[in-house]
There are 2 protein chains.
Amino acid sequence: MALPTLSSRDKILDVAEALFARRGFEGVGMREIATAAGLGKSSLFHHFRSKPQLYYEVLGRVIERLHDRLAPVVASHSGSIEKLDRLIDVLVDALAEQPTTARLLLRALFEEDATAHDQLPEAIKCEQVLADTLEGIQRLLREGVDAGVFRSVSVAHTVQTLIGATVYHFASGELGDGLLGRPLLSAEAVSRRKEELHNLFHHGLVVRPA
Amino acid sequence: MALPTLSSRDKILDVAEALFARRGFEGVGMREIATAAGLGKSSLFHHFRSKPQLYYEVLGRVIERLHDRLAPVVASHSGSIEKLDRLIDVLVDALAEQPTTARLLLRALFEEDATAHDQLPEAIKCEQVLADTLEGIQRLLREGVDAGVFRSVSVAHTVQTLIGATVYHFASGELGDGLLGRPLLSAEAVSRRKEELHNLFHHGLVVRPA
DNA sequence: CCATCACCCGACCGATCGGTCGGTCGGTTG
DNA sequence: CAACCGACCGACCGATCGGTCGGGTGATGG
């Protein structure tokens, strides 16, 4: 475990990410973040202008991490089915590796900005990268529909289904099959989830009558 | 619009439901709820013991409303496929009719209880009814799998997919197809969503090669 | 006519919120 | 040596948090 004495700024971002993921923007105080990072509260404001700015910096990191993994998939030159399968795999992998991602992303996707933080440059960039990522997925689906490989669907609806089925799955308790409560992010569980989604999108749930 | 001068208690519950759905437990103050209900803050504490108690009373109403609509479906004596279809229809209808339901439910499903509210009797009842509802859906799926009508799946995973695909859809902005931003809860949009889900679970997304 | 009651309110409480201020410390620079 | 610097901190600010308290009001009923 090489701990290269990571800078205070990164340390703050890390603990803030964990806390915001768990309890949301309003549920976490700056003092709590500071003590969790081993600093005084005032020191946070040396590195970040305000609480919203810190929040969106955290969120931006998360969204960008995800974007960087998804972008090559949607930009690749394979067939629509393989692209969809790879998208599911990469998405599930990314969400499983960092448990904070799903929760922060889910909050970002459905939560309203109580106070108008939208003018923050960090918030604007977040929204931009996120929109870009989602639009990439839409394009992937649209291509498949145009090529006749996918059924004619509302791609917007399908994206939401895909997001809901993945992000929500990892954001919620991940109850697992029989092993209630256990964290259960084993490689086996992850590949099981991928298989479920592959099958659902390939064949649906209902067994073919013939 | 018959306004039967609904009791202050119900008025409080209504406005609190709307506010909690929008900004979550931590994001809403008692004073805001009070003024929105046309009362003084102290009056809230005449009807409800504490803020968590009010929150879980709100949540309980929502969950029970949903439970009451879903229970007859899972208890009915039709085939698994029809049951699934009806489940989707009823679920989508319920979420579309009251936009607060999806958001409150989503929060309840994935948010952690920051402070241990779990000892509240209202919270316990919430969790009970919710667990009962989810278990009913699991039973529905399990029956279908046992009867060979559904593919062999992890029913827990499938429930989460179903929840994610419906609850998340209505909790998020519901961007709609091309009409960005518009509320768009028209009957047409709702039945479109049902159709998408029916098709997904019946056939998947990929067009059959033969 | 008076007691009771549900209902409602303004004033207030201690705690905590995000954020500021003045200042200390250790490490470059010249 | 002095001058400067980023990192950090304790003390403090006004505002707001959930919650309490005592008292007011209007309808009810003996």
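These are my notes on the surface near DNA strand D and on helix α9 of chain A, taken from a predicted model.

**Entry 1: the surface near DNA strand D**

I listed the residues around DNA strand D and found 17, of which A:Ser8, A:Gly40, A:Ser42, B:Lys41 and B:Lys51 come nearest. I sorted the residues of this surface by type and got four nonpolar, 10 polar and three charged. I then checked which part of the strand faces the protein: of the strand D atoms within 4 Å of the protein, 48% belong to sugar or phosphate, and the rest belong to bases.

**Entry 2: phosphate contacts**

I looked up polar atoms beside the phosphate oxygens of DNA strand D. From chain A, a polar side-chain atom of A:Ser8 lies 2.6 Å from one such oxygen, and a side-chain N or O atom of A:His47 lies 2.7 Å from a phosphate oxygen. From chain B, I noted a polar backbone atom of B:Met30 at 2.9 Å from a phosphate oxygen. I then asked which elements give two or more residues to this surface; they are α3 (41-47) of chain A and, in chain B, α2 (30-36) and α3 (41-47). The most comes from α3(A), with four residues.

**Entry 3: helix α9 of chain A**

I took the span of α9(A), residues 187-203: its 17 residues reach 24 Å from first C-alpha to last, close to the 24 Å expected. I went through its buried residues, among them A:Val190, A:Arg193, A:Glu196, A:Leu200 and A:Phe201. Their cover includes α5 (80-97) and α8 (155-171) of chain A, and α8 (155-171) and α9 (187-203) of chain B. After the helix I found A:Gly204, with a positive phi near 80 degrees.

Key: Residues numbered from 1 in each chain as written. Chains lettered and ligands numbered in written order. Predicted model: local features only at pLDDT ≥ 70, side-chain atom pairs only at ≥ 80, totals over all residues. Heavy atoms only, no water. Near = heavy atom within 4 Å. Polar contact = N/O pair within 3.5 Å; in protein donor to acceptor, adjacent residues only side chain to side chain. Nonpolar A, V, L, I, M, F, W, Y, C, P; charged D, E, K, R; others polar. Expected span 1.5 Å × (residues − 1). Buried < 20%, exposed > 50% of the residue type's maximum accessible area, 1.4 Å probe, protein only. Contact = heavy atoms within 4.5 Å.
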